[in-house]
Amino acid sequence: MLTTRIAIIGGGLSGLYAATLLDQQGIHDYVLLEARDTFGGRIMSLQADTSGARYDLGATWFWPALNPDLARVVNALGLQTFAQFETGDMVIERSLTSAPVRTPGYASAVEALRVVGGMAALTDALYERLRPAASISGHRVRRLRHLGDCIELEAYDALGSMLCHRVGHVLLAVPPRLASSTIEFAPMLPEATARQWQSCDTWMAPHAKYVAVFDTPFWRAQGLSGEARSAVGPLAEIHDASAHTNGGALFGFLGVPAQVRSRTLEATLLGHCRAQLVRLFGDQAGAPKAEFLKDWASDPYTAVIADHNPGPHHHGLPLPATPPGAWQDRLIGIASEWSPRFSGYAAGALDAAQRGVAALLARFESIST
């Protein structure tokens, strides 16, 4: 039985940032638990070759004018950024019986930036500043038991071996719906809280992203921005995903429902994606040097069955970060979905983590006085 003051459940951006904030306050008596083998959560950037360029399959953009706190963290970590390429026409595909049409593109009203090295450069930089002994990957938390003076936490690795901690407080850095579906709470969460968590959409959970990497961004020479919209699919929305200096890339969100994707071979989906890129951008688009497909709906550390049928809104209303009743002074939700300002975005992960750590420090202050 291991004991520590604080457990952070979830090693995505919010969990990593919460650990960073605790370290900055001189609080090192915590453990950060991540179910995946690597840290980063819903931020995933993959490398296609030896150039070092990485391509985002999760969070991609941020907007400094709207997300100044995130911009400050990116700058403080010494990360480089570049503007999303949006120069040129976009392509619209309305049906298979009519050719795609070009139309003047439009730049975002607020400039969108990307991080050199992919958004994972942000989570990597945060992780590298933490003490390795306090960060444990490959362990999924299955049970939280309130014992009155502490919380007993049970986490299991892929082989079923259990790691048990007794902690004073928990910062819950996983989506509410995932937590309520995969973690046993004893005593149970209040019924109203459980309903709220279950009804809260998990960002990225219903979606899948496709990335095609090329030697050059050849569409730019055609006066195209790389942006497209399609009513045909499988990709419903496409953008230029080229790295800052190396080669070219396109990425798209699949418009195919999660239930259909789950019954379709990945090779078949990839083939349909390539065929669509040829229709939109020409024959060169049919032979990427690398391609990636990430279906977040099939990721057990992100999605549950309820996420396969997303609601009409991107996310639900902001949730109270602390549940009432027995868990009120022990458990604080800090995943992006708990942010009242930027729910579901990378900026929301930082916002929720800041709020959660501030509430925890206030709790410590009230106890000490």
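**A friendly note on Asp-56 and a seven-stranded sheet**

1. Let's start with one contact: the side chain of Asp-56 reaches the backbone nitrogen of Met-119 at 2.9 Å. A second polar contact joins the side chain of Asp-56 to the side chain of Ser-45 (2.5 Å); a polar contact is a pair of N or O atoms within 3.5 Å, where within protein one must be able to donate a hydrogen and the other to accept it, and residues adjacent in sequence count only if both atoms are side-chain atoms.

2. Before going on, please note that this is a predicted model, in which local features need pLDDT of at least 70 and side-chain atom pairs count only at pLDDT 80 or more, while totals for chains, interfaces and linings use all residues. Residues are numbered from 1 along each chain as its sequence is written, and side-chain values use heavy atoms, with hydrogens and water left out.

3. Asp-56 belongs to strand S4 (residues 54-56); strands (E, at least two residues) and helices (H or I, at least four) are DSSP runs numbered from the N terminus. Leaving aside residues up to four places away in sequence, Asp-56 touches several residues, including Met-44, Gly-118, Ala-120, Lys-209 and Val-211; contact means heavy atoms within 4.5 Å.

4. Which side chain of opposite charge is nearest to Asp-56? Arg-114, 4.9 Å away; Asp-56 is buried yet has no salt bridge. Buried means under 20% relative accessible area (1.4 Å probe, protein chains only), and a salt bridge needs a side-chain nitrogen of Lys or Arg within 4 Å of a carboxyl oxygen of Asp or Glu.

5. Now to the sheet: seven strands form an open sheet of mixed pairing, in the order S7-S6-S15-S16-S17-S14-S18. Strands pair if DSSP finds at least two bridges between them. Strands S7 (101-103) and S18 (290-295) are at the edges with a single partner strand each, so one side of each has no neighbour in the sheet.

6. At the S7 edge, S6 (residues 89-93) and S7 run antiparallel and are joined by three bridges, with Ile-92 partnered by Val-101 in S7. S6 also pairs with S15, in the parallel sense, over four bridges; here Glu-93 stands opposite Ser-230 in S15.

7. Strand S15 is mostly covered, with six of its seven residues buried. S15 and S16 run antiparallel, joined by two bridges, and Arg-229 has Glu-237 in S16 as its bridge partner. The two strands form a hairpin with four residues between them, and Gly-233 in the turn has a positive phi of about 85°.

Definitions and conventions:
Buried means under 20% relative accessible area, exposed over 50%, partly exposed in between (1.4 Å probe, protein chains only). Lys and Arg count as positive and Asp and Glu as negative; His and the chain ends are not counted.
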